[in-house]
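Could you look over this model with me, point by point, before we discuss it together? I have written my remarks for someone in a first year of study.

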Amino acid sequence: MPATTATETLYASITQPPNRVHSTNRPPSLATLKTICSETASTKQYPHCEGIESNVPIYNLLKFDPTDSTTASALQEEWYNILHSGPGVFVLRNMYSDKALLEKVNGVFQKIIDHERSSSAKKGDHFAGNGKNDRIWNSFSKHGLQDPMSFFEYYSNSWLALVSDAWLGPGYCITAQVNIVRPGGEAQTVHRDYHLGFQTAEECARYPKAMHNASQFLTLQGAVAHSDMPNGTGSTRLLPFSQRFEEGFMAYRLPEFNEFFLSKYVSLPLSMGDGIFFNPALFHAAGNNQSTDFVRKANLLQISSAFGKTMETVDGLPLLERCWDALKQKYDVEGFSAEVTAFVSAVAAGYPFPTNLDVRTAAPGGLAPESEQQTVLKALQENWDKQEIIGAINQIREDSRA
Ligand SMILES: [Fe+2]
């Protein structure tokens, strides 16, 4: 048999299709992750940031006006680049500058925690899990039902709308979970987040490689600090640039990757009202609260693309109902301001599918039926009362059924 020529070998390597899936039998390359994480971020790449600490760009939002469209799109450009191919994480200082609002919301959270503690048995938690923390699952819905006015203010935040839109585009869905960690609360182990980050390695290996990449584009992970988080209280540990490691969903559970994470992670102190946002594929872990007297409080935000599946079920309709009068009043004063549209984006579905196309025909000029969001905006413009808008949204839902 003739020997294989160099040309044949080269041709074979070119035409050889890559493996469709990652395998638990092919170890991910730690050397590749090390190379990726050896990069250094520069302020030249992100001219609007105030500075870069431990490879994490920091933005002081007091310096910017979210309603200035030139600034807003320049910031969105930088945030997108950071999440996509840069360090994968950034801090928004003073995202919530109204501390009184956060104190009020903390009071609402505490009521929910007290109520759940007295009325329910054991709660599942993949966080600290040692009795040193309090957790509110679906704090988004519970907050809105418990105290509509502070919910309305909190989710009218135009920075939240801007950062969500930067990574996910329109039609995003917000879910939120509160985490309160008392002194002695332990650290998490390194992980990636939802979707594939919540599966076993064996389950992950069943998804084609392209879906490993796609997962990170379907969620924006964030947190709002509801207390100060000084050094030693366990602010999130982060491994900048690690979202770019293609084998990451297969790798983070392996001991050598955990060791590398523990030797290289960074964490930044935060102040109450600061936001931190990161690519869900970034290697990260909550830190341990080493203090003796400091309670760390955060509202975790997991914002989903219109094309993804959220981790929790959120029904915006009862929230819209409770906030309708306040929303109308605000609209009457401000029109479609950044805050009004931010709130509408937070509570009404911006994506009209899945639906029933026999019943719901395309809106004029498009191929898709009108979304709940479009209906809400029309209702504000046409001064509908609460009954009319709730009836219209219910009708959309009824008509969308199979
Ligand atoms: Fe996480």
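The numbered points below go from the sheet to the metal site, then to the aromatic rings and two loop residues.

1. Please keep in mind throughout that this is a predicted model. The values quoted here are therefore best read as descriptions of that model, which comes from prediction.

2. A good place to begin is the sheet, which is open and is built from eight strands in the order S1-S2-S3-S8-S6-S10-S5-S4, with mixed pairing. At its edges stand strand S1 (51-53) and strand S4 (133-136), each of which pairs on one side only. Going from one strand to the next, the twist averages 25°.

3. At the S4 edge, the partner to trace is strand S5 (residues 173-181), which pairs with S4 in the antiparallel sense over four bridges. If you would like one position to look for on the screen, find Ile136, which stands opposite Val178 in S5.

4. Which strands does helix H7 lie across? Helix H7 (residues 158-168) lies across S5 as well as strand S3 (89-93), strand S6 (219-225), strand S8 (275-278) and strand S10 (296-304), and its direction is at about 155° to that of S6.

5. The metal site deserves a careful look, since three residues coordinate the iron ion there: His191 and His284, each through NE2, and Asp193 through OD, at 2.2 to 2.3 Å. Along the sequence, these donor residues follow the spacing H-x1-D-x90-H. Are His191 and Asp193 buried or exposed? Both His191 and Asp193 are buried.

6. Two arginines are worth viewing together with the rings beside them. Arg192 lies over the face of Phe249, at 4.6 Å from the ring centre, while Arg253 lies over the face of Tyr252, at 4.3 Å from the ring centre.

7. Turning to rings that pair with rings, the structure holds 20 aromatic pairs. In one of them, the rings of Tyr351 and Phe353 have centres 5.7 Å apart and planes at 70°, and because planes over 60 degrees apart count as edge-to-face, this pair is given that name. Tyr351 is partly exposed, with a relative accessible area of 34%, and Phe353 is also counted as partly exposed, at 31%. Elsewhere, a single aromatic cluster is formed by Tyr96, Phe140, Phe151, Phe152, Tyr154, Tyr155 and Phe343.

8. Ser371 can be read alongside that pair of rings, for its contacts beyond four places in sequence are with Ala349, Gly350, Tyr351, Pro352 and Ile396. Ser371 is located in the loop between helix H13 (338-347) and helix H14 (372-381). Its relative accessible area is 4%, and because buried means under 20%, Ser371 counts as buried. Although Ser371 and Phe353 are 18 residues apart along the chain, their C-alpha atoms are separated by 8.3 Å.

9. Finally, where is Met311 placed? Met311 belongs to the loop between S10 and helix H12 (317-334), and at 26% relative accessibility it counts as partly exposed. Setting aside neighbours within four places in sequence, Met311 is in contact with Trp137, Gln177, Tyr194, Phe198 and Gln302. The C-alpha atoms of Met311 and Ala176 are separated by 9.7 Å, although these two residues are 135 residues apart along the chain.

Key. Residues numbered from 1 in each chain as written. Predicted model: local features only at pLDDT ≥ 70, side-chain atom pairs only at ≥ 80, totals over all residues. Heavy atoms only, no water. Pairing = 2+ DSSP bridges. Helix = DSSP H or I, 4+ residues; strand = E, 2+ residues; numbered from the N terminus. Axes fitted to C-alpha atoms, helices over the stretch in contact; angles between N-to-C directions. Contact = heavy atoms within 4.5 Å. Buried < 20%, exposed > 50% of the residue type's maximum accessible area, 1.4 Å probe, protein only. Donors = N, O, S within 2.8 Å, 3.2 Å for Na, K, Ca; no water. Phe/Tyr/Trp six-rings, centres within 6.5 Å; stacked < 30°, edge-to-face > 60°. Lys NZ or Arg CZ within 6 Å of the ring centre and 35° of its normal.
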